[in-house]
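The following paragraphs go through helix packing in one chain. Which helices are in contact, and how do they cross?

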Amino acid sequence: MAVKDRIEVRELEPEERHHTFSEVSLGYTYEMAQEEAKRCLQCKVPTCISGCPVGIDIPGFIREIVKGNLDRSFKILKSYNYLPAICGRVCPQEIQCEGVCVLNKIGKPINIGALERFVADWARENNVNNLTDEESSNTSNAQKDYVDKKVAVIGSGPAGLTVASELGKLGISVDIYEALHEFGGVLVYGIPEFRLPKKIVGKEISHLEALGVNFIKNIPVGYAISPKELLEKYDALFVGVGAGTPKFMGIPGSELNGVYSANEFLTRVNLMRAYKFPEYDTPIRIGKRVVVVGGGNTAMDAARSALRLGAHVTVVYRRTESEMPARKAEIAHAKEEGIEFMYLSTPVTYIGDAHGNLVAIECVRMQLSEPDESGRRKPVIIPNSNFVIEADTVIEAIGTEANKFLLNQFPDLKTNKYGYIVTNEMGQTSIPKVFAGGDIVTGSATVILAMGAGKTATRGIAEFLKS
Amino acid sequence: MENPINEIVEKKRLCKGVYEFWINNEFVAKHAKPGQFVIVRNTEKGERIPLTIADVSGKQFRIVVKAIGKSTLELCMKNKGDVLHDVVGPLGKPSEIKYYGNTLIIGGGIGIAAIFPIAKALKSFNNRVNVIIGAKTVDELILKDEFTFADDLTTCTDDGSYGKKGSVVDVMKDKLRSEKFDVIWAIGPAVMMKYASLVAKEFDTPVWVSLNSIMIDGTGMCGGCRTVIKKDGESEIQYVCVDGPEFDGRYVDWESFIKRLSQYREQETLALESFIKQVGDISWL
Ligand SMILES: Cc1cc2nc3c(=O)[nH]c(=O)nc-3n(C[C@H](O)[C@H](O)[C@H](O)COP(=O)(O)OP(=O)(O)OC[C@H]3O[C@@H](n4cnc5c(N)ncnc54)[C@H](O)[C@@H]3O)c2cc1C
Ligand SMILES: Cc1cc2nc3c(=O)[nH]c(=O)nc-3n(C[C@H](O)[C@H](O)[C@H](O)COP(=O)(O)OP(=O)(O)OC[C@H]3O[C@@H](n4cnc5c(N)ncnc54)[C@H](O)[C@@H]3O)c2cc1C
Ligand code: SF4
Ligand code: SF4
Ligand code: FES
């Protein structure tokens, strides 16, 4: 059987993207969504579901699109996924739901992410009630189970927001503490506007406020309020502080001006809106030539942001394109936009001038070794392959580690050898009253996994509060 | 009626371009320890400005701000009754306050405000507290009447208009020649802290300095505040906002630290010029 071609989403033309942080993907029109939805075979045994970390009833929500029943479709999505407008945009679909769609065998998979986004955007634009029918009745009925119960959520990334939402729906009173001046975690300080408009995150947060969740910003838990105080004041805690501490390669010259971690670069650009300097006060140094080190989503986001700030950008990655962990769509976008890729290379020294400013980078070439026992081919340095490239700015996007800010003040909380919090299958930590989830438990992962962890922990917390 | 959170409840001009504020924020006031700082934003579009907590009282805390660029200028133009857009804190590791014995506490310029709570706390731990404060000239010698608790207070000015003539580092050297100290705190402009650290090293005495590196989040998330600490032949990257802000100045790599302070010189000048154009004459400040 011949399959119809996959309907690709509308996008800003690459030339148009150069000087704007507007969203690149424009999504589907109603007609396009219908077309694409009709391609779904409505499999009896839908493999796609097994690829989704939260097990969304994918054929279900797609069927309702075909029927023109967007309201129903949205309710299905919402009952599994608290942030569909966000996941539709940022999930690595090619290795999750879409990666296991049966259509891969005979053609291109259903564009599940784009359909999910379409329905969620439609709902947001039409102010469709955020709660499923069941949940609306829960919110009014369930209170009696949890009268006077109070839970504190620490960190407002996807994990924390999910917990707040789920507990809020159960009628439990939730205070969510955030160290920064905006809520959303990586969704606001890391992922750029052109991939995830801030107003979408803002809207989700306003829904939560409507649920009665109390948002408290500017509170770095650990210092402004101690874990002990929280333990006294609340019936349970959820820790979702993320894995926000950047790693540096630590090569000579790392202290030079112009050497950034991707976190700093992206935080300046996204959270602090440095792309609008001097209207906004926070500056950014960009120069003419920017080198980004790494091959993940963070590297792509940094590279594409630097390009939009007017630089010529090269991504230096130590393996080859096929090993790059970034979403395929972002790699494709980066290439279309004119970003250069230098594979099998890595910096060894940053070279500065007398004022301490970066001027060039010494790199070496790498080659991939034979696969090791884990099956990964490790990059190894080719001796005497050094070469120098000019650069005004280098952005290291080589990963993050556990954010110790809270953990240092919370020594009783058991962590593993990498510094991440240890939990049981219900998200419960070594302190029974304390639950945790998201990147601070798993290490850097994805939005949908952080949300999934939030859901699990919510069930754990609900059980715990009943007993 | 209660004051709103982050309201300026008191403002006082200490000298030209330097203001003291008391801000209402019970989270900060209740938890702040000497050596810690807050991060403040003036407006929705403002940058995050780190400032040392210079004292607390009830639900209020004190900051002393020197107007040197756009953001600090804008802050100094705020008045009693205004509410700051954001206040985050306390942040940073508190000073290691304990019994040491004979202590020497040095504040230069605006750094005098930063050493005030530290000196007070050391006194409460029965240390002998010797204080040196200094500034360019008598007008800039702030808080000079507040160190009445000190066992010994030496004041100095570069131009000799008050106290000894010379810098705090000159006075420090004299003191170290005649007396043994168990620990030193030296806080002020980067260059002063650098020289104070060199002197302390010469006399083999630990010296705490408070690094004012450029920061954003203040929670260890961006790495922008990082600095190089060199000890026993090894250099290590440390985050000033969470591993500091206080470090033993003998091990700070002052050269790279000072260079990193000028990262945004170009953009800062631009921001300041356009702000002054907007607000007009600021000579009254
Ligand atoms: C640049 C970038 C791009 C990415 N792109 C993608 C993508 O395309 N798709 C995808 O699925 N995933 C992506 N990820 C990964 C994804 O964003 C994370 O896995 C996810 O955000 C983790 O969620 P979280 O809730 O665990 O923590 P976070 O999102 O990290 O949020 C933690 C929050 O806790 C706050 N906090 C920390 N300490 C304290 C404290 N002591 N007190 C109060 N608050 C505190 C932090 O300020 C932060 O707001 C990306 C990550 C980055 C950095
Ligand atoms: C832990 C700490 C405590 C501090 N305590 C005080 C204090 O008690 N009183 C006080 O007046 N100042 C204090 N500072 C310095 C103060 O934060 C800066 O003067 C202020 O941010 C400058 O902003 P601006 O826009 O006015 O000046 P700009 O024109 O932006 O900068 C002038 C100079 O200030 C420094 N600077 C710029 N941006 C930052 C930033 N985001 N973070 C830190 N430094 C920056 C740079 O060296 C720059 O060259 C402290 C800094 C730190 C890190
Ligand atoms: S949440 Fe993510 S993985 Fe699940 S269906 Fe949606 S896009 Fe696919
Ligand atoms: S596997 Fe693909 S075709 Fe089958 S139900 Fe899922 S999305 Fe539709
Ligand atoms: S200010 Fe961001 S890590 Fe210290």
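In this predicted model, H2(A) passes H4(A) in a left-handed crossing. Helix H2 covers residues 30-39 of chain A and helix H4 covers residues 58-66 of chain A. Their axes come within 8 Å and cross at roughly 130°. An angle over 145 degrees would count as roughly antiparallel, and the crossing of roughly 130° therefore makes H2(A) oblique to H4(A).

On the H2(A) side, the contact is made by Ala33(A), Gln34(A), Ala37(A) and Lys38(A). H4(A) contributes Ile62(A), Ile65(A) and Val66(A). Sorted by class, the residues in the contact of H2(A) with H4(A) are five nonpolar, one polar and one charged.

A second pair is found further along the chain, where helix H14 (residues 297-308) of chain A packs with helix H15 (residues 328-336) of chain A. Here the axes are 10 Å apart and the angle is about 25°. Because angles under 35 degrees count as roughly parallel, H14(A) and H15(A) are roughly parallel to each other. The crossing of H14(A) and H15(A) is left-handed.

The residues of H14(A) in this contact are Asn297(A), Met300(A) and Arg304(A). They meet Glu330(A), Ile331(A), His333(A) and Ala334(A) of H15(A). In the contact of H14(A) with H15(A), three residues are nonpolar, two are polar and two are charged.

To recapitulate the orientations, H2(A) is oblique to H4(A), while H14(A) and H15(A) are roughly parallel.

Methods: Residues numbered from 1 in each chain as written. Chains lettered and ligands numbered in written order. Predicted model: local features only at pLDDT ≥ 70, side-chain atom pairs only at ≥ 80, totals over all residues. Heavy atoms only, no water. Axes fitted to C-alpha atoms, helices over the stretch in contact; angles between N-to-C directions. Helix = DSSP H or I, 4+ residues; strand = E, 2+ residues; numbered from the N terminus. Parallel < 35°, antiparallel > 145°, perpendicular 65-115°, else oblique. Left-handed = near helix turned anticlockwise from the far one by under 90°. Contact = heavy atoms within 4.5 Å. Nonpolar A, V, L, I, M, F, W, Y, C, P; charged D, E, K, R; others polar.
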